[in-house]
Amino acid sequence: MLTYAQKKYLFAIYKLGRNGEPVRSTDVSKLVGVSKASTVKMTRRLDEEGYIEKAPYGAILLTPDGIREANALYTDWVIIRDFLINRIGISEKAADSSSVTMIVQLPQEALEKLSGFALRE
């Protein structure tokens, strides 16, 4: 089971690399809002657990397991972000950050139910 921090980093890596761009630790640090040292520590952990591949000073690549987990997070993010903007009426900027917080912090059962609710109507 992924931790809150692991989810946050995987989501950031997925979001940064979804256009085929190489993902650098510096970019992940900026998006997550942490120091480069924190990013290095977490990328080592994600590498050891088989979610990413990263050579020293190299680009970060998601493994098939990393892609599966990050894609699920991204899908929930899109659904919840859209719900917050179009049905709740909050700004895109607020919806971006709020939906990230929700997908990484909610227990899986709550996230599934919220996404299901957001898809109705």
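**Notebook: helix H2, two buried residues and the largest pocket**

I began at the end of helix H2, where Gly33, just after the helix, takes a positive phi of about 85°. I note at the outset that the model is predicted.

**Entry 1: helix H2**

I then asked which residues of H2 are buried. I found Ser25, Val28, Ser29 and Val32. Looking down the axis of H2, I saw that these buried residues fall within an arc of 100°, so they line one face of the helix. I recalled that an α-helix has 3.6 residues a turn, so residues three or four places apart point the same way. Next I looked up what the buried residues of H2 pack against. Their partners are H1, H3, strand E1 (52-54) and strand E2 (60-62).

**Entry 2: Thr39**

I turned to helix H3, in which Thr39 lies. Is Thr39 buried or exposed? Its relative accessibility is 0%, and because buried means under 20%, I entered Thr39 as buried. Leaving aside neighbours within four places in sequence, I listed the contacts of Thr39 as Tyr9, Ser25, Val28, Ser29 and Val34. I had already recorded Ser25, Val28 and Ser29 among the buried residues of H2.

**Entry 3: Gln6**

I moved on to helix H1, residues 4-17, which holds Gln6. Gln6 has a relative accessibility of 1%, so I counted Gln6 as buried. What does the side chain of Gln6 reach? I traced it to the backbone nitrogen of Thr3, at 2.8 Å. Not counting residues up to four places away in sequence, I found that Gln6 touches Met1, Met42, Arg45, Leu46 and Glu49.

**Entry 4: the largest pocket**

I closed with the largest pocket, in which about 290 Å³ of space lies. Its lining is made up of 13 residues, and I noted Val40, Lys54, Ala55, Pro56 and Tyr57 as the closest to the centre. I then asked which elements give two or more residues to this lining. They are helix H2 (25-32) and helix H3 (36-48). H3 gives the most, with 5 residues. By class, I recorded the lining of the largest pocket as 4 nonpolar, 4 polar and 5 charged residues.

**Entry 5: summary of the helices**

On rereading, I set the entries side by side. H2 has its buried residues along one face, and H3 is among the elements against which they pack. Both H2 and H3 also give two or more residues to the lining of the largest pocket. H1 is likewise a packing partner of the buried residues of H2, and Gln6 has its place in H1.

Terms used:
Residues numbered from 1 in each chain as written. Predicted model: local features only at pLDDT ≥ 70, side-chain atom pairs only at ≥ 80, totals over all residues. Heavy atoms only, no water. Helix = DSSP H or I, 4+ residues; strand = E, 2+ residues; numbered from the N terminus. Buried < 20%, exposed > 50% of the residue type's maximum accessible area, 1.4 Å probe, protein only. Polar contact = N/O pair within 3.5 Å; in protein donor to acceptor, adjacent residues only side chain to side chain. Contact = heavy atoms within 4.5 Å. 1 Å grid on protein atoms, 1.4 Å probe; cavity = no way out; pocket = protein on both sides within 12 Å on 5 of 7 lines; lining within 4 Å. Points joined across faces, edges and corners; volume = space filled by probe spheres on them. Nonpolar A, V, L, I, M, F, W, Y, C, P; charged D, E, K, R; others polar. Arc of directions from axis to C-beta.
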